[in-house]
Amino acid sequence: LLFSMLMGLMSAYTTPITSYNPSMKQAALSFRVSIISATYAKNEMTIFGVVGPLNNGTTVNHVWQAGSSVVNNIPQMHPTSGPNIQSVGILDFLSR
């Protein structure tokens with residue numbers, strides 16, 4: 001998860017998405033992610049991290065969303081329709 005906090009500081013951390021109403025609080029995923037960092041340049045946010053080892057092979061499910069509300073440094077729910085509900089995929093770390 002990545003978002004801009006007050007004063008333009010970036011916050012990046014892992015949070016599991018297991019329902020349409022996740023807590024969005026920092027928590028471990030089902031696989032290891034370390035050395036998380038983020039940048040904001042040219043109006044784009046980018047998150048970096050070291051992933052693995054994976055428990056189930058070479059793939060992970062992922063989602064990407066664009067929300068607009070943060071309360072007490074916790075991103076709030078965005079619409080669960082249209083592009084937001086379709087922004088899912090599988091990352092295969094061995095694909096070319």
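Biologist: Met7 lies in the loop between β1 (2–4) and β2 (10–12). Which is Met7, buried or exposed, and how do you know?

Modeller: Met7 has a relative accessible area of 81%. Buried means under 20%, exposed over 50% and partly exposed in between, with a 1.4 Å probe and protein chains only. Set against that scale, Met7 is therefore exposed. Do keep in mind that this is a predicted model, in which local features need pLDDT of at least 70, side-chain atom pairs count only at pLDDT 80 or more, and totals for chains, interfaces and linings use all residues. Residues are numbered from 1 along each chain as its sequence is written, and side-chain values use heavy atoms, with hydrogens and water left out.

Biologist: What makes Leu6, Met7 and Leu9 a patch?

Modeller: Patch members have over 30% relative accessible area and no salt bridge (a side-chain nitrogen of Lys or Arg within 4 Å of a carboxyl oxygen of Asp or Glu). Like charges are joined within 9 Å, and nonpolar side chains (Val, Leu, Ile, Met, Phe, Trp, Tyr) within 5 Å. Leu6, Met7 and Leu9 form a nonpolar patch on the surface, with about 430 Å² of accessible area together. Such areas come from the Shrake-Rupley method with a 1.4 Å probe, and for residues only the protein chains shown count as cover. For the protein, the accessible surface comes to about 7,400 Å², 56% of it belonging to carbon and sulfur atoms.

Biologist: How many helices and strands does the protein have, and what counts as one?

Modeller: There are one helix and eight strands, in the order β-β-β-β-β-β-β-α-β along the sequence. Helices (H or I, at least four residues) and strands (E, at least two) are DSSP runs, numbered from the N terminus. Strand β6, for example, covers residues 70–71 and holds Val71, so its run satisfies the strand minimum.

Biologist: What is Val71 called on the accessibility scale, and why?

Modeller: Val71 has 41% relative accessibility, which falls between the two cut-offs, so Val71 counts as partly exposed. Its C-alpha is 9.7 Å from that of Met5, although the two residues are 66 apart in sequence.

Biologist: How many aromatic pairs are there?

Modeller: The count comes to one aromatic pair. The rings of Phe3 and Tyr13 have their centres 6.3 Å apart and their planes at 90°. Rings of Phe, Tyr and Trp (its six-membered ring) pair if their centres lie within 6.5 Å; planes under 30 degrees apart are stacked, over 60 edge-to-face, and the rest tilted. Both values meet the rule, so the pair is edge-to-face. Because Phe3 sits in strand β1 and Tyr13 in the loop between β2 and β3, the pair ties together parts that are 10 residues apart in sequence. Phe3, at 6% relative accessibility, counts as buried, and so does Tyr13, at 8%.

Biologist: Thr15 lies in the loop between β2 and β3. What does its side chain reach?

Modeller: The side chain of Thr15 reaches the backbone oxygen of Lys25 at 2.8 Å. A polar contact is a pair of N or O atoms within 3.5 Å; within protein, one must be able to donate a hydrogen and the other to accept it, and residues adjacent in sequence count only if both atoms are side-chain atoms. The distance of 2.8 Å is inside that limit, so this is a polar contact. Thr15 is also buried, at 9% relative accessibility. Its contacts (heavy atoms within 4.5 Å), leaving aside neighbours within four places in sequence, are Leu1, Met24, Lys25, Ala27 and Leu29.

Biologist: What sets Met24 and Asn43 apart in phi?

Modeller: Met24 has a positive phi of about 65° although it is not a glycine, and phi of Asn43 is near 65°. Most residues other than glycine have a negative phi, and most peptide bonds are trans. Met24, in the loop between β2 and β3 (33–41), counts as buried at 16%. Asn43, in the loop between β3 and β4, counts as exposed at 66%.

Biologist: Which is the peptide bond from Gly52 to Pro53, cis or trans, and how do you know?

Modeller: Omega is near 5°, and the bond is cis. Pro53 lies in the loop between β4 (44–51) and β5 (59–63).
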